[in-house]
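Dear colleague,

Please find the structure below, followed by the findings on its backbone and its nonpolar cores.

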Amino acid sequence: MRQRRDFPWLVKCASAALLSLLVCAIATLRLGGGQELPATTTRDGALLALNRYVREPIPDVVLVGSSLTFRLSEEYFETPRLRNLALAGGSPLTGLEIIAHQSQLPKIILVETNILSRPADDVLVEKYADKQRVEPLFLRPLRSGVASYENWMHKPSSHSQMAGELDRLIMQAPSDFDNRIYVERAVSQLDALDPSAVVRMSVEIMRGLIPELERRGAKVFLFELPYIDQVEKTRAAMVTREIVHAAFPDPSRWLPIDVTRSDLRWADGVHLDERSALITARSMEKNLAMRSRGG
Amino acid sequence: MADDQAVGPLAWLTLALKGLAELRHGDYARTGSQCPSPQKHQPGRMSFTSWQFAIFVAVVFGAYYSPPLRRFQMQLLVCSSLFFYGYGQPELLPLLAVAVCGTFVFLVLALRNRAIWLPAGIVFNLLLLAFFKYKFLFIGASSQDLTGIAPIDLLLKLPLPIGISFFVFHNISLLVDLTREKARPPSLTDVFLYIVFFPQLVSGPITRAEMFFPQIKPKYVADVPFVEAAKWILTGYFFKLFVANNLNEMTSYMDFPLYETLQTEDRWLLVFLYSYQIYADFFGYSAIAIGIALLFGFRLPINFNLPYISSSFSEFWTRWHISLSSWLRTYLYIPLGGNRCGLARTNLNLMIVMGLGGLWHGAGVSYLVWGLFHGLLLVLERPFLKSLQAFDSELLRFARMTFVFLCVSVLWIFFKLPSFDHALGYLAGMFKPGTNPNPPKLFHDLALLYALPVMIQHLGFGSVLQSRLSRWEPYLYGVMAALAYLEAGPDVSFIYFQF
């Protein structure tokens, strides 16, 4: 009979499948779900930063924001226990809500206010809201393997490892890259955009979250990253600034960024280039230290 | 909104001008995986990759072979297939019934007078196809009052019936094959079964009537080739879930306007990845269909035979979507005269067949252009084929395979982007440097990992497995099953469901 011939084959096949699943389930119990990467991302290492945030000890300082803040790499800051949870293409609210959903909070939370025209990413918030939910039932061996390889290949350096290189970078002259075409495009797009409604909603959420976070012991500062002059004057930038400052008028709520604007460059018209991001990060760190000392 | 929009000026353009893009891509922007989902399942439909489908097959299989129901096996399969088709979209069942019953009536009449009723039956089916597939060329899909006549408006507003391109071709095959043989008219149940048999109903393989009808007879569970069916089904799910769905995460960036943010080299990479994806997707579907049909005692035609090792375009069409190519050859190319009426007429026939083959996929200029380009390539290679084949050189064969793969892959752009302007925009961007300073990052190691099964299959690993590694074969299929589950990409419809 055909079935009698087929039976051993089917049993072997099913056993191999079940054994593979079992191994992955045990691996999950022993090693955790593993760090996975999406196959394609515009968020660079942001998801890995979120993974690290929920797995590792709570840092002292956390930055949340959009792709503008994402440019402020962690190694630019001397503060060793600092995490940048900014999401390229995302809203500062996503990072803020993820932090708010953790049982322990960092001492200081820095919130970018440039881009508030996007709602929080609820799926991401839910995914990272509860540590238990981050662990899948089975480890995905291939994705985890590739993620480990990528992490190993692109391991973030510490500030001390990078210090020499960063000093050399800051000593360089500002870039003379011609970004006019990008600035023109950005200006026309940001002028066409009226983000009032979403910004107001975002600000309302922040007004609810910030007192709650401070009640639980964290200190929250807001900051505005500098834009190139033409972009500063666009409708979207001005409307956002007006609404946020009206909602948070107290100057002590704001972390100033003291930089010489002529030293800064925006290669694509919107985002700070490496050197400018480093200058900005250093200014933020200096002002943060003063604020922490009560200055 | 697409996430990359925030990282480059082009993306700001998208952000500002494409408010709709936010709605369209809202799902993926919120998944954290940043994967656009251009082919989400139609709500409520029973997909091959759903748990409902697994339960459905198990229940039908149990009932099908149970002794009390053995006398009603074919009726049971028809009812199950109608349930499968109507699941989530019952409003399309009457249309299917009209198509099948209409074809049956024409068949009975054509068996009496083939000269009149065979063309009439074919026209009836082609009108059905043309009406549903091409009506939106002439009317707005969202128009409220179309003609003012309620029944006609109701028909005009019906969505495209899933699988209509496939079951219309089944109907035509039925009319031509059975009237040619002057056979006794089959029963209505058998006609229904041939057309609506659920593994092949939605996307084929397009089974010839003369091949299917002899298989309609009582089936016994003792005759089921379980191992063969399991191999097909597991291979199919592996290719769909592991290869195609994961590659879709990347190739979604070929959609407009996302492709504008890509680097030039990534545009090229994505073209090849889409080539692998569309193969894995359709081969996967066909393999599942063949495997499930085997469980019910039916053998469907093989639809793919390693198409990307073809060394000529004519060979490609004997290896890709074989059931469609052979249908077009049998029912269109040969009746048009084939290659029997001189060079010019042969070339014209090739262009007509490939052009219509393109349009069969959809009412769009891109599909037509895709078909015509394939026709042109077939025409251009014809004079050189014999002399090229005379050179027995591995290197030349490899060069030809590479060239055919390159052309076929580039032409898939017209499939991926049915808007002709978008397709041209994508193509143009492949030959000039990208301007986005912060393009999306594709993880090339993952791309290789997901494309690898297609490459290995085409390198002839199957024959090695059958000969030298046959002892390990069941374990390998078991690991493939586990990987298909563990490493499955985000759920998306089969690409060919839209046709």
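L306(B) is partly exposed because 16 other C-beta atoms lie within 10 Å (20 or more such atoms would make a residue buried and 12 or fewer exposed, with C-beta atoms placed from the backbone). Although not a glycine, L306(B) has a positive phi of about 50°, and its place is the loop between α14 and α15 (313–319) of chain B. Helices are DSSP runs of H or I of at least four residues, numbered from the N terminus.

This is a predicted model, in which local features need pLDDT of at least 70 and side-chain atom pairs count only at pLDDT 80 or more, while totals for chains, interfaces and linings use all residues. Residues are numbered from 1 along each chain as its sequence is written, and chains are lettered from A and ligands numbered from 1 in the order in which they are written.

H321(B), also not a glycine, has a positive phi of about 40°. H321(B) is buried, with 22 other C-beta atoms within 10 Å, and sits in the loop between α15 and α16 (322–333) of chain B.

A cis peptide bond, with omega about 5°, joins F256(B) and P257(B); P257(B) is in the loop between α13 (226–251) and α14 (264–295) of chain B.

The largest nonpolar core (buried Ala, Val, Leu, Ile, Met, Phe, Trp, Tyr and Cys residues joined through C-beta atoms within 7 Å) has 138 residues, and V196(B) and F238(B) are among those that touch the most other members. To this core α14(B) gives the most, with 19 residues.

Kind regards

Definitions and conventions: Helices (H or I, at least four residues) and strands (E, at least two) are DSSP runs, numbered from the N terminus.
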